[in-house]
Amino acid sequence: MRIYISEVSPRDGFQNEKVFIESEQKIAFINQLSQCGYHKIEVTSFTSPKAIPALKDAEYVMHNIHRHPDVIYSALVPNLRGAERALSCQVDEINLVMSCSEAHNQSNLRMSREQSQEQLKAIIQAVNQQCQINLSLSTAFGCPMQGDVPFLDVINLAKYFADLGVTKITLCDTTGMAYPSQVKALFQEIQTAITGIEWTAHFHNTRGLALANTLAALESNITHFDASLGGIGGCPYAPGASGNTSTEDLVHMLELMHLETGIHLEKIMATSRQLPTLIGHPTDSQIIKAGPRLTLHPAPVQ
């Protein structure tokens, strides 16, 4: 079975870092990622520079990366102005985001879910098939302010956008509240309720369950996953929401299971080892710390 991985560290990861990563460093980093076998790379966000100053160079970065023909280059778009900026940079895909939780949507986007639906509908209509569209539904597995999010809320939101013609939808564990039996149940229910969708799972490792949740999603026939080198990233509007699934840990696990990702593990590990210099602190990658399973060591001297 082929597994498709989208690398989100240049957007989801870098936007949360306290240090500004220079544009040329971002470009060099993304260019390295492009040679690693990824299905998709989320390059940046066309959000107001005042809101996310870490990605204020979105146009410059998008225009200057070297694009690999087999990679989808995606960017997060929050509104019509952001969509116009993204389209001017010839992005392959725009990623639209809203929350399944009313409380989180108000905190993150400062509007109701209904207002978000209308705003995203306007973007979808304006884009009018000029590029691919992915919808990311945040807090699909729980919200730190609301608690559990009913499956029906997630399904109804996904159906609303599917009816608008969106064919790619990501269910996001924005704050690391998902657990395996829940993941399996939700993906099974939503795939039964809505057909013709390319579903993606986006897990955070806040409570150490990212890889376990990945296995549950695989059992529900999910083949597309978001991940971030070093596990960097998180939601700035959700208390305690630490980083994403570590890409190198994920690829290592999938390779041991004889699942094809197309990603070169040694190359992404080499790129990941550069992150502490870029972001100014260590990452949470277990494979970088310990090495792959068959990394052997000399026997201790007696």
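Which residue lies over the face of Phe 20? Select Phe 20 and Lys 56 together: Lys 56 lies over the face of the Phe 20 ring, at 4.8 Å from the ring centre. Please keep in mind throughout this tour that the model is predicted.

**The cysteines**

Next, select Cys 131 and Cys 89. A disulfide is a covalent bond between the sulfur atoms of two cysteines. How many disulfides does a search of the whole structure find? The search finds 0. Cys 131 shows why for its own case: the closest cysteine sulfur belongs to Cys 89 and is 11 Å away, which is too far for a bond, since a disulfide requires the two sulfur atoms to be within 2.5 Å. Cys 131 is also buried, with a relative accessible area of 13%. Now move to Cys 143, which is buried as well, its relative accessible area being 0%.

**The aromatic rings**

A pair of aromatic rings is described by the distance of the centres and the angle of the planes. The structure holds 4 aromatic pairs, and two stops on this tour show examples.

For one of them, select Phe 141 and Phe 203. Their ring centres are 5.9 Å apart and their planes stand at 50 degrees, so the pair is tilted. Where in the chain do these two residues lie? Phe 141 is in the loop between strand S5 (132-138) and helix H7 (151-162), while Phe 203 is in the loop between strand S7 (198-202) and helix H9 (210-219). The pair therefore ties together parts that are 62 residues apart in sequence. Both Phe 141 and Phe 203 are buried. Add Phe 187 to the selection: Phe 141, Phe 187 and Phe 203 form one aromatic cluster.

Then select Tyr 160 and Phe 161. The centres of these rings are 4.9 Å apart and the planes are at 85 degrees, so this pair is edge-to-face. Is each of these residues buried or partly exposed? Tyr 160 is partly exposed, with a relative accessible area of 23%, whereas Phe 161 is buried, with a value of 0%.

**Two helices**

Finally, select residues 247-256, which make up helix H10, and residues 265-272, which make up helix H11. The axes of H10 and H11 come within 10 Å and cross at roughly 165 degrees. How does H10 run relative to H11, roughly parallel or roughly antiparallel? Angles over 145 degrees count as roughly antiparallel, so H10 is roughly antiparallel to H11. As you rotate the view, note that the crossing of H10 and H11 is left-handed.

Methods: Residues numbered from 1 in each chain as written. Predicted model: local features only at pLDDT ≥ 70, side-chain atom pairs only at ≥ 80, totals over all residues. Heavy atoms only, no water. Buried < 20%, exposed > 50% of the residue type's maximum accessible area, 1.4 Å probe, protein only. Phe/Tyr/Trp six-rings, centres within 6.5 Å; stacked < 30°, edge-to-face > 60°. Helix = DSSP H or I, 4+ residues; strand = E, 2+ residues; numbered from the N terminus. Lys NZ or Arg CZ within 6 Å of the ring centre and 35° of its normal. Axes fitted to C-alpha atoms, helices over the stretch in contact; angles between N-to-C directions. Parallel < 35°, antiparallel > 145°, perpendicular 65-115°, else oblique. Left-handed = near helix turned anticlockwise from the far one by under 90°.
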